[in-house]
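Me: I should like a close look at a single part of this structure, explained in one connected account.
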Amino acid sequence: ADDDEQEEEEEEEAKVGALQSNASEPQTKVTADRRRNAISAERWSDEERASMLAGFERPIWEKSEDVTDWLHGLMREVFLFRLLDDAHFVKMINAMCRLESAAGDILMKQGVEGSTFYVVFEGECDVLVRSQEGEERRVITCKRGDSFGEIGLMHPAPAVATVRAKTDALLYTIDRKTFKAI
């Protein structure tokens, strides 16, 4: 049974790796725990940044202490956020918005530009890839503590997969504009 589980995990990692190798820039690696270990952000001039953020007010969404603590612990493990100083990290956690999703809802669509990072708090979400022949297949199921959408948070790029809620789900999200404002 352990060999079957290990083989299944290796197949899942290979699928994720294949998904990443078919993605447009930037290229990233996915580690054994399915988290990215490298990603780069788009460059903005001071004028572009000022224009985008003109009149923007960073949201603060109320959360219970338990949810805040859970997000804090989890998000410190996400490569993209590890180097944020404490002040910026707290702003990011405060800006994360609660999103309730019904089973079957599409959260991200392959080929459509994404701009949101998601963390699964409750429920499950399937990550689906459509082949060139049009066949859609599940490559992974995201569960509590899993995240997706890192590239969309950093770059205006088409999503490399579709993510659909497998069950009713509760997620926490942050969009690119809010993240850049932090």
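At what angle do the axes of α3 and α4 cross, and within what distance do they come? Please also describe the surroundings of α3.

Reply: The model is a predicted one. In it, the axes of α3 and α4 cross at roughly 125 degrees and come within 10 Å. Angles of 65 to 115 degrees count as roughly perpendicular and those over 145 as roughly antiparallel; the two helices are therefore oblique to each other. The crossing of α3 past α4 is right-handed. On the α3 side, Thr68, Leu71, His72 and Met75 make the contact, and α4 contributes Phe89, Met92 and Ile93.

Helix α3 spans residues 65–75, and its buried residues are Val67, Trp70, Leu71, Leu74 and Met75. Viewed down the axis of α3, these buried residues lie within an arc of 115 degrees, so they line one face of the helix. Glu65 and Asp66, on the other side of α3, are exposed. The cover over the buried residues of α3 includes α4 (86–95) together with strands β4 and β10.

These two strands are themselves paired: β4 (residues 116–122) runs antiparallel to β10, with 6 bridges between them. Within this pairing, Val120 has Leu171 of β10 as its bridge partner. Strand β10 is also joined to β1 (residues 97–101), again in the antiparallel sense, by 5 bridges. There, Cys97 stands opposite Thr173 of β10. Of the 7 residues of β10 (residues 169–175), 6 are buried, so this strand is largely enclosed by the rest of the structure.

How values were computed. Residues are numbered from 1 along each chain as its sequence is written. This is a predicted model: local features need pLDDT of at least 70, side-chain atom pairs count only at pLDDT 80 or more; totals for chains, interfaces and linings use all residues. Side-chain values use heavy atoms; hydrogens and water are left out. Buried means under 20% relative accessible area, exposed over 50%, partly exposed in between (1.4 Å probe, protein chains only). Helices (H or I, at least four residues) and strands (E, at least two) are DSSP runs, numbered from the N terminus. Two strands pair if DSSP finds at least two bridges between them. The arc is that of the directions from the helix axis to the C-beta atoms. Contact means heavy atoms within 4.5 Å. Axes are lines fitted to C-alpha atoms, for helices over the stretch in contact, and angles run from 0 to 180 degrees between N-to-C directions. Angles under 35 degrees count as roughly parallel, over 145 as roughly antiparallel, 65 to 115 as roughly perpendicular and the rest as oblique. A crossing is left-handed if the near helix is turned anticlockwise from the far one by less than a right angle, and right-handed if clockwise.
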